[in-house]
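Biologist: I would like to know what stands behind the labels put on this protein. Please show me the structure, and then I will ask.

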Amino acid sequence: MASEPAYQALFLGAGPQMQCGVGQYTRLLCATIEKLDPGSCTTLTLTRSEGSLADIWRAVGSARNVVCSFPIVAWKRVVFRPLLALAMARLRRRRIVLIQHEWAGLHWLRRITCIPALLLADTVVMFSPLVRHELADDLLVGWTAQKCVLAPLPPNIEAPAGMADSKLRQRLAAARQGHIGDFAVFGDDYDTPDGTAIRDYIHVTDLATAHVLALKLLVQGHSGGAFNLGTGAGFSVRQILAAIAAETGREVPHAVKPRRPGDPAYLVADPTAARETLKFRTTHSDLATIIRTAWAWHQKAHPLKTGEPLSPRKL
């Protein structure tokens with residue numbers, strides 16, 4: 001009787017040769033899922049000298065899912081082994097997750113190399129609807145776009161030390177530093193506690209975490225879905241202004257202007273599905289953390305315009 005696979009996912013890679021962004025993404029994705037679920041992942045290095053038939057057969061049999069990221073620069077000369085691994089995965093009835101980063105921009109010879117992987121895959125993960133449209137328009141393999149799911153992550157899923165957040169907070173920080181002379185608050189007569197519009201704000205680290213959780217589910221065989229990411233609560237524009245004043249020690253110069261047509265008074269996310277399916281919870285999206293990290297990023301990216309202090313203005 002066959003034994004149960006020891007791992008949830010086997011990641012195919014080309015070892016230290018994977019110096020491109022795709023290779024970096026593959027390593028970081030494996031490490032992130034392993035961190036979330038220790039002991040769930042393993043890797044198989046396929047090069048000219050590594051990855052015999054026996055090695056591939058054993059490795060594929062050890063996991064429920066085989067994850068392959070295409071195209072890998074280091075695999076230009078090692079095409080047969082990764083495709084053989086996917087074929088063996090099909091023979092052993094393992095689920096194949098193919099991460100396809102591009103299509104129309106590839107040289108036609110490289111697209112030919114990717115075609116067997118597309119045909120063998122159960123699920124094709126892409127990061128751009130444009131790439132999915134490019135694949136769907138392909139006369140030869142356009143039908144494989146039906147297997148695609150979108151996971152909007154860049155090739156490098158490691159969060160940077162400093163980061164920017166929403167356009168509102170970027171403009172507020174820029175106004176605070178003197179780069180925008182007159183920050184506008186559009187409407188102060190909404191049916192809200194302080195009269196300004198309320199919106200849901202999510203920290204970029206929480207957003208990235210949700211996408212990693214979604215990829216983890218896909219690797220485990222989940223069919224995917226649509227999820228609304230947010231806190232389920234909201235802050236008004238005046239609350240954002242007050243939080244920036246508390247963090248920086250000075251108020252943001254601003255002017256109140258008429259409402260913009262179509263702007264709702266209250267707009268927040270409903271994260272119920274993400275909480276139930278992804279087990280997603282925000283941990284960095286309190287207002288103080290959002291403002292502190294956004295302000296730290298802006299101080300580095302956009303130093304003060306002049307050495308003169310800004311004149312505080314009452315809210």
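What follows is a short exchange on cysteines, a core and a helix.

Modeller: This is a predicted model, in which local features need pLDDT of at least 70 and side-chain atom pairs count only at pLDDT 80 or more, while totals for chains, interfaces and linings use all residues. Residues are numbered from 1 along each chain as its sequence is written, and side-chain values use heavy atoms, with hydrogens and water left out.

Biologist: Why is C68 called buried?

Modeller: Buried means under 20% relative accessible area, with a 1.4 Å probe and protein chains only. C68 has 0%, so C68 is buried. C148, at 10%, is therefore buried as well.

Biologist: How do you know that C68 is in no disulfide?

Modeller: A disulfide is a pair of cysteine sulfur atoms within 2.5 Å. By this rule the count is zero disulfides. For C68, the nearest cysteine sulfur belongs to C114 and is 8.9 Å away.

Biologist: What makes a set of residues a nonpolar core?

Modeller: The members are buried Ala, Val, Leu, Ile, Met, Phe, Trp, Tyr and Cys residues joined through side-chain atoms within 4.5 Å. The largest such core here has 34 residues, and L135 is among those with the most contacts inside it. A second, separate core has 17 residues, including A9 and L215.

Biologist: How do you know that the span of helix α7 agrees with what is expected?

Modeller: A helix is a DSSP run of H or I, at least four residues, numbered from the N terminus. The expected span is 1.5 Å times one less than the number of residues. Helix α7 has 16 residues (204–219) and should span 22 Å; its end C-alpha atoms are 23 Å apart, so the two agree.

Technical notes. Buried means under 20% relative accessible area, exposed over 50%, partly exposed in between (1.4 Å probe, protein chains only). Helices (H or I, at least four residues) and strands (E, at least two) are DSSP runs, numbered from the N terminus.
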